[in-house]
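The following paragraphs lead the reader through a single protein model, from its overall architecture to selected details of its side chains. Please keep the sequence and the structure in view while reading.

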Amino acid sequence: MNRLFGGKSNAPKPSLNDAIGNVQTRLDNIDVQIAKINGELGTYQQKLSRMRDGPGKNAIRSRAKACLERRRMYESQKDQLMSQSWNMEQAGMMQDNLRNTMTTVDAMKTTTKELKKQYGKVNIDQIDKLQDEMADLMDIGNEIQESISRSYDIPDDVDEAELDAELEALGEEVDLGEGLGETGESMPGFLMDQSAPPQFIDDPPVQNKVKEAAG
């Protein structure tokens, strides 16, 4: 039975990239054959342009037609192989996209499991309790600051009228001092400079008069 249908092959199956590579190799070979045929057609065309009508020219024309038929055959095969290659490339892109999608899904599953683990360790009630304790501590801190910053010198009941009267009296004293300085009137002795010369000295003594008084 194995002789008729062959045994099971253990060789690895070709991948999609291998198939695309094989098709590309065949396309390269077809391009080589088409280039050869184009060279032959060019030679036949030169000969036909120089020959006169007759059996010889007809024979060369027949050969040129045969070359054209072969070139059409290769071009048809090339079109088919290019279509196959394009289809396989599209399949490869879809395979890559699917592989990337599966990788993304696996990563999302792993991340979801880790998030569930981490969130499972968080106790919302404990967080709320900590928030309440922090709020209480802030209130206590504010009360302490208010108590420390309280002033003991200024009485609570301040008479605004007394403050205004005191301020007005200070203004009158300032005006009185300025008036004495401008008019040159006598000032009290305790306000005068002790080092200043006495006020009864008007002019310095004259030298001649001093001599006359001595003679």
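A convenient point of entry is Lys113, which is placed in helix H3. The model is a predicted one, and in it Lys113 has a relative accessibility of 58%. This residue therefore counts as exposed, since the class begins over 50%. Lys113 does not stand alone: together with Lys109, Lys117 and Lys121 it forms a patch of positive charge on the surface.

Helix H3 is part of a chain that contains 6 helices and 0 strands. Read from the N terminus, the order of elements is α-α-α-α-α-α. Of the 215 residues in the protein chain, 9% are buried. The chain exposes about 19,400 Å², and 54% of this area is supplied by carbon and sulfur atoms. Among contacts in the chain with a separation of 6 or more, 75% are made by residues 24 or more positions apart.

How many salt bridges does the structure hold? The number is 5, and three of them are described here, beginning with the pair formed by Lys78 and Asp31. The closest N and O atoms of Lys78 and Asp31 are 2.8 Å apart. Lys78 belongs to helix H3, which spans residues 55-120, whereas Asp31 belongs to helix H2, which spans residues 16-50; the salt bridge therefore ties together parts that are 47 residues apart in sequence. Both partners are in the intermediate class of accessibility: Lys78 is partly exposed, at a relative accessible area of 25%, and Asp31 is likewise partly exposed, at 32%.

A further salt bridge joins Arg70 to Glu40, with 3.0 Å between the closest N and O atoms. Here too, distant parts of the chain are linked, for Arg70 lies in helix H3 and Glu40 in helix H2, 30 residues apart. The relative accessible area of Arg70 is 36%, which makes this residue partly exposed. Glu40 is also partly exposed, with a value of 31%.

Where do the partners of the salt bridge between Glu75 and Arg71 lie? Both are in helix H3, 4 residues apart, which is about one turn of the helix. The closest N and O atoms of Glu75 and Arg71 are 3.8 Å apart, and the pair still qualifies as a salt bridge because the cut-off is within 4 Å. Glu75 is partly exposed, with a relative accessible area of 35%, and Arg71 is partly exposed as well, at 26%.

The surface also carries a nonpolar patch, composed of Leu115, Tyr119, Val122, Ile124 and Ile127. Together these residues have about 490 Å² of accessible area. The elements that contribute two or more residues to the patch are H3 and helix H4, the latter spanning 124-148. Leu115 is found in helix H3. With a relative accessibility of 42%, Leu115 counts as partly exposed, and this value is over the 30% that membership of a patch requires.

Helix H3 thus recurs throughout this account. Lys78 in helix H3 pairs with Asp31 in helix H2, and Arg70 in helix H3 pairs with Glu40 in helix H2. Glu75 and Arg71 both lie within helix H3. Helix H3 also holds Lys113, one of the residues in the positive patch, and Leu115, one of the residues in the nonpolar patch.

Terms used. Residues numbered from 1 in each chain as written. Predicted model: local features only at pLDDT ≥ 70, side-chain atom pairs only at ≥ 80, totals over all residues. Heavy atoms only, no water. Salt bridge = Lys/Arg side-chain N within 4 Å of Asp/Glu carboxyl O. Buried < 20%, exposed > 50% of the residue type's maximum accessible area, 1.4 Å probe, protein only. Patch = residues over 30% accessible without salt bridge, like charges linked within 9 Å, V, L, I, M, F, W, Y side chains within 5 Å. Areas by Shrake-Rupley, 256 points an atom, 1.4 Å probe, with all protein chains shown as cover. Contact = heavy atoms within 4.5 Å. Lys, Arg positive; Asp, Glu negative; His and termini not counted. Charge placed at Lys NZ, Arg CZ, Asp CG, Glu CD.
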